[in-house]
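I'm opening a fresh page for a structure I haven't looked at before. I'll jot down what I look up as I go.

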Amino acid sequence: PVLTELYAKNKNDDFKIIYKTITKWIFVINLILLSIFYLFSKPIITILFGIDYIAGATSLVILATGYFIGYLPGASQSVLLVFKKTKLILFNTIIMIIGNIILNIYLIPIYGITGAAIATAFIFIIRAILLIIESFLITKIIPFKINYFKIIFSIAITSFLIKYISRYYQLNILTLFLTISLLILIYGSLLLITKSFEKEDIMIIREIQQKTGINFSKINKFLTRFI
């Protein structure tokens with residue numbers, strides 16, 4: 001809704017800022033999920049389905065990677081909607097359906113569940129590439145920022161620490177929940193320390209506040225200290 005409003009009012013600079021910032025937020029949040037699946041794929045599979053399905057941990061990691069890359073340009077699809085490029089979205093969907101069917105037919109008989117995971121992950125990566133190219137050709141905007149390196153550094157350090165700490169206790173539902181909570185806490189702290197948040201992030205929060213009526217003033221003040 002915010003992008004549509006800005007486009008309608010010809011506020012191109014604000015449109016560019018919001019587009020890039022939303023993409024960064026998608027990256028920041030989805031990195032948490034990706035790191036969780038990378039670090040705890042086997043415990044998650046064991047807790048949810050039992051030890052007999054532990055072989056599916058590899059497939060979970062492959063799927064997580066595909067979904068992460070596939071949904072990274074989520075704002076790009078919104079951009080296509082803003083510019084009323086619904087035919088492109090339909091084209092992308094058809095490519096995904098046909099490609100997924102073909103790859104599943106070829107890979108599943110050879111690699112089983114891992115083949116299915118590879119097929120789905122590959123198709124989502126193709127979707128991401130298509131969305132990025134299409135949105136760039138329409139807007140001439142590259143949605144990714146240089147400070148992504150700070151975010152990657154933060155999640156890398158966090159993952160290393162969590163991997164090291166979790167070696168000293170057995171993971172069950174409770175300890176897994178506490179470990180994930182600690183991961184989010186460390187990750188968030190490092191994002192603040194590395195100054196990964198910018199003035200544009202405050203703008204997004206204010207827009208959300210205006211649209212929803214939820215008061216984020218305390219969050220705004222807190223983030224402002226680290227900008």
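**Overall layout**

Reading along the sequence, I get the pattern α-α-α-α-α-α-α-α-α-α. My tally of the secondary structure is 10 helices and zero strands; helices (H or I, at least four residues) and strands (E, at least two) are DSSP runs, numbered from the N terminus.

A note to self on the ground rules: this is a predicted model, where local features need pLDDT of at least 70 and side-chain atom pairs count only at pLDDT 80 or more, while totals for chains, interfaces and linings use all residues. Residues are numbered from 1 along each chain as its sequence is written, and side-chain values use heavy atoms, with hydrogens and water left out.

I checked how much is tucked away: of the 227 residues of the protein, 39% count as buried. Buried means under 20% relative accessible area, exposed means over 50%, and partly exposed is in between (1.4 Å probe, protein chains only). Next came contacts, meaning heavy atoms within 4.5 Å. Among those between residues at least 6 apart in sequence, 74% join residues at least 24 apart. The protein exposes about 13400 Å², and carbon and sulfur atoms supply 71% of that; areas come from the Shrake-Rupley method with a 1.4 Å probe, and for residues only the protein chains shown count as cover.

**Helix α5**

I spent a while on α5, residues 86-111. Its 26 residues should span 38 Å at 1.5 Å a residue, and the end C-alpha atoms are 35 Å apart, which agrees. The expected span is 1.5 Å times one less than the number of residues.

Where does α5 bend? I found a bend of about 30 degrees at Asn104, taken as the angle between axes fitted to the seven residues ending there and the seven starting there. Asn104 is also buried, as are Ile89, Asn92, Met96, Gly99 and Leu107 of α5. I traced what these buried residues pack against, and it is α4 (74-82) and α6 (113-139). Just after α5, Gly112 takes a positive phi of about 65 degrees.

**A nonpolar patch**

On the surface I looked at a nonpolar patch of about 890 Å², made by Phe153, Ile157, Phe160, Leu161, Tyr164, Ile165, Tyr168, Leu182 and Leu185. Patch residues have over 30% relative accessible area and no salt bridge; like charges are joined within 9 Å, and nonpolar side chains (Val, Leu, Ile, Met, Phe, Trp, Tyr) within 5 Å. A salt bridge is a side-chain nitrogen of Lys or Arg within 4 Å of a carboxyl oxygen of Asp or Glu.

Which helix gives the largest share of the patch? That's α7, with six residues. Both α7 (148-165) and α8 (173-193) supply at least two residues each. I picked out Leu161, which lies in α7 and is partly exposed at a relative accessible area of 35%.

**Odd spots**

Lys84 sits in the loop between α4 and α5. Its phi is positive, about 60 degrees, although it is not a glycine. Lys84 counts as exposed, at 71% relative accessibility.

Lys195 has a positive phi too, near 55 degrees, and is also a residue other than glycine. I located Lys195 in the loop between α8 and α9 (199-212), partly exposed with a relative accessible area of 45%.

Last, Thr58 in helix α3 (residues 57-71). Thr58 is partly exposed at 47%, and its C-alpha atom is separated by 9.3 Å from that of Tyr38, 20 residues apart along the chain.
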